[in-house]
Amino acid sequence: MDARTSTVSPEAAQDHEPSPALDATEFVRVFTNELQYTRGVTLPQASNQDKYIALVRTVLRPLIDRWQATQARQAEQNGKTVAYLSAEYLLGPQTGNALLSTGLEDTAREALSTLDIDLDELIAHEIEPGLGNGGLGRLAACFIDSLATKDISAIGYGIRYNYGIFRQTFVNGHQVEQPDTWMSHGTPWEITHPELAQPIGFAGRVEDTINSAGQPARKWVPGWYVQAVPCNYLVPGYGTDTVNTLRLWSARAADEFNLHIFNSGDFENAVRARTYAENISNVLYPEDSTPQGKELRLQQQYFFVAASIRDLVARTLERGVSYADLPQHITFQLNDTHPVVGIPELMRLLVDDHELEWDDAWSITREIFNYTCHTLLPEALEVWPVDLFGRLLPRHLEIIYRINEEFLNEVRLNTGNELLVRQMSIIQEQPFRAVRMAHLATVGSRRVNGVAALHSQLLKDNVLKDFSAYWPDKFTNVTNGVTPRRFVRLSNPELSDLLNDAIGTGWVRDLSQLSQLEPLADDSGFLEQFALVKAHNKSRIAAVLAARDGIELPSDAIYDVMVKRLHEYKRQSLKLLHVVSLYARVLAGTLNAEDIEPRVVVFGAKAAPGYRMAKETIALINAVAARINNAPELQGRLKIAFPANYNVTLAEKLIPAADLSEQISLAGKEASGTGNMKFALNGALTVGTLDGANVEIHELVGDENFFLFGMTEPDAESLAQAGYVPSKFYEKDADLKLAIDLIASGAFSNGDRSAFESIVSDWLWHDRFMALADFRSYLDIQTKVEEKYRDKAAWNRSAVLNVARTGFFSSDRSIQDYLDRIWMEK
Ligand SMILES: *Cc1c(COP(=O)(O)O)cnc(C)c1O
């Protein structure tokens with residue numbers, strides 16, 4: 001049976017605005033019923049919490065109907081299922097998206113208003129499930145949205161963390177982390193099935209045994225088990241009936257786990273043992289791009305991957321599919337190396353449990369897995385010490401050794417190069433013996449992809465160059481994308497209305513239709529409407545930040561926005577040096593404050609709790625903000641806003657208000673970025689380096705509609721080779737010196753010179769990501785930004801052209817590329 005799935009043509013997509021499944025009267029009836037019989041309250045008794053849950057349950061009804069029909073249809077089609085394996089899903093709030101996909105927003109608003117309930121107040125009640133750190137987890141959320149919208153038989157697998165990414169607060173300008181209690185209001189979007197839990201083993205020993213055919217075999221006898229409980233989330237497509245599943249696993253203690261402890265009468269230890277097992281899905285590790293190598297983290301990885309693989313393989317075999325045909329029915333996409341332990345797990349399942357021959361199992365496994373690499377930073381490549389790995393997963397380590405031995409023998413035979421053999425080994429020997437998960441992923445996958453054109457090239461040239469020389473056809477690119485449902489249609493309703501009026505509604509499912517806007521970039525009436533939308537979005541975020549953080553913002557200024565995780569390679573410090581240099585020059589009398597084009601610089605960034613440099617950068621931004629925002633010289637000219645706890649909810653309000661999108665990583669360090677795409681689609685102009693997907697944005701929107709600056713990747717590489725000495729840049733650039741000296745003087749720390757000493761020293765002596773080398777170029781481009789902003793018509797024209805030319809960055813297009821280049825590629 002042909003596994004190919006249908007996609008809707010652009011013409012058909014025009015008619016896909018969802019029609020509501022309920023009318024307002026019916027909505028009121030179901031809603032009040034839910035209040036009465038699931039919350040047990042009458043309308044006058046109901047709290048906002050009751051009303052929110054009743055709203056969710058009302059909206060879930062038509063979705064569940066569609067969900068069940070989807071499952072029946074997909075089982076009948078018996079095609080290929082795409083299983084997306086990801087340790088993170090940064091979903092963002094669910095209610096608005098569910099109302100959108102059911103077409104129920106207007107109905108709900110009308111129905112609730114007859115009960116004197118404000119829909120927006122209930123929507124605001126939701127705490128977003130922050131089950132991811134940043135870009136990687138948000139990408140997974142965009143992809144499952146697109147898979148459903150494109151009617152693809154797909155399932156997302158991951159972990160249902162009890163605590164997601166921490167809630168960031170500032171105390172005296174320093175980041176303080178609070179636990180993310182996203183479930184404290186209940187989890188009405190979730191459908192949990194404790195009765196379908198499966199046992200997942202850990203540790204123990206491996207024994208010799210005889211299989212049913214009388215052949216010698218190996219058998220893993222785990223030392224302890226934990227139950228993986230499936231928690232289902234509905235993933236509705238837009239403009240289609242498809243509702244796919246996101247299945248997140250929650251850990252529960254296995255009953256047999258501590259039976260003997262109970263029997264021994266040691267109640268306290270029995271309870272402690274339960275807590276230990278249930279700890280597995282308790283908390284998301286808050287490190288973004290820097291794996292910690294903690295045992296619990298490996299437990300999490302194996303826990304969700306083992307449960308997911310067993311789940312899908314069992315259901316596929318039940319449909320009568322043979323082992324040999326599994327690759328025609330399943331594809332596992334590995335979102336970075338976190339789920340890579342799935343490769344030895346499938347081997348174990350096939351060889352030990354299902355008694356397949358090793359070679360047959362290996363060829364099946366290598367057909368089923370595909371690996372997406374997300375990094376270029378060497379420290380972000382996950383490795384697991386073999387002693388830890390072997391203690392927790394002894395049979396898997398054996399399997400990895402055998403995979404490695406056979407692979408290296410093959411390399412030896414084909415190349416006769418012992419250096420290459422060592423470089424390509426799945427096991428590293430130095431500085432400690434460890435499993436290189438990226439190597440295991442590459443050896444065990446059919447396709448390996450990077451996430452932007454430049455990144456995929458650098459993977460082939462640097463990070464995995466031996467592998468790409470060995471298997472040139474294994475490597476491909478799929479440039480990331482973002483869902484236009486959440487990041488335009490929902491987050492920017494006024495722009496959406498403007499687009500609907502101008503080019504129809506088809507863009508929501510087919511974002512390439514944005515190109516129809518192109519001629520309107522020269523229509524002054526349209527530009528004015530577009531500018532008005534931007535102005536309204538600025539007022540909207542100003543109101544949000546006033547209420548949320550007590551931040552007062554002017555509405556008539558450049559909204560210059562840098563929001564993303566705090567990381568040295570992303571160079572928030574370069575943005576800060578720009579701001580400080582403006583202030584320093586005003587103080588020094590070399591810049592007239594009146595000549596500064598009024599600007600609001602908005603930062604949003606969480607730092608990993610153990611990442612010292614990142615946390616100090618946060619403290620410095622807050623310190624600079626405190627001073628600059630109160631400097632009489634700068635009133636009405638320059639302001640910093642740093643709202644705490646940047647998350648999807650805030651992103652949806654902030655990005656539509658931005659004029660300028662800061663994408664200023666050192667070239668060759670950001671794999672793709674997806675924030676850059678969200679901004680361009682909402683009509684912000686990018687100031688950026690030639691890094692990640694910026695390269696493609698720059699090419700698509702055109703140089704005159706993009707503020708390009710800084711070194712290229714080869715420039716940065718040469719500078720590093722030549723021996724980079726940041727202090728030379730400090731000494732020869734008077735403005736840079738003025739800015740750094742002002743910080744070093746204690747001007748932002750009540751005269752305390754030691755407060756930011758480590759940042760200043762790092763700039764002068766280390767500066768791994770070369771902020772100082774790009775400073776002059778960055779300052780010059782910011783002057784161009786100001787000039788262009790003064791010419792409102794030119795700015796607005798460029799902004800419209802950014803929208804018109806970035807339809808490529810829809811995650812629907814990314815998913816089509818995955819289908820063409822990876823999942824359905826023959
Ligand atoms: C899109 C997004 C990111 C990723 O931003 P980058 O600029 O690509 O790093 C991180 N966090 C949130 C909340 C997002 O919505």
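**View 1. Polar contacts of the ligand.** In this predicted model, an oxygen atom of the ligand lies 2.8 Å from an N or O atom in the side chain of Lys570. An oxygen atom of the ligand is also 2.6 Å from an N or O atom in the Lys678 side chain, and one is 2.9 Å from a polar backbone atom of Gly675. Polar contacts are pairs of N or O atoms within 3.5 Å. The protein buries 96% of the 390 Å² that the ligand exposes when taken alone (Shrake-Rupley method, 1.4 Å probe). Local features need pLDDT of at least 70 and side-chain atom pairs pLDDT 80 or more, while totals for chains, interfaces and linings use all residues. Residues are numbered from 1 along each chain as its sequence is written, and side-chain values use heavy atoms, without hydrogens and water.

**View 2. Shell around the ligand.** The ligand is surrounded by 13 residues (a heavy atom within 4 Å), and Lys564 and Thr674 are among the closest. The shell comprises four nonpolar, six polar and three charged residues, with Gly counted as polar.

**View 3. The largest pocket.** The volume of the largest pocket is about 1300 Å³ (space filled by probe spheres set on the grid points; 1 Å grid over the protein atoms alone, 1.4 Å probe, an open set with protein on both sides within 12 Å along at least five of seven lines, lining residues having an atom within 4 Å of a point). Of its 40 lining residues, Pro93, Ile123, Ala124, Thr649 and Lys653 are the closest to the centre. The pocket lies between domain 1 (80–92 + 131–479 + 815–823) and domain 2 (557–794), because both give residues to its lining; the domain bounds come from an automatic or database assignment.

Key:
A polar contact is a pair of N or O atoms within 3.5 Å; within protein, one must be able to donate a hydrogen and the other to accept it, and residues adjacent in sequence count only if both atoms are side-chain atoms.
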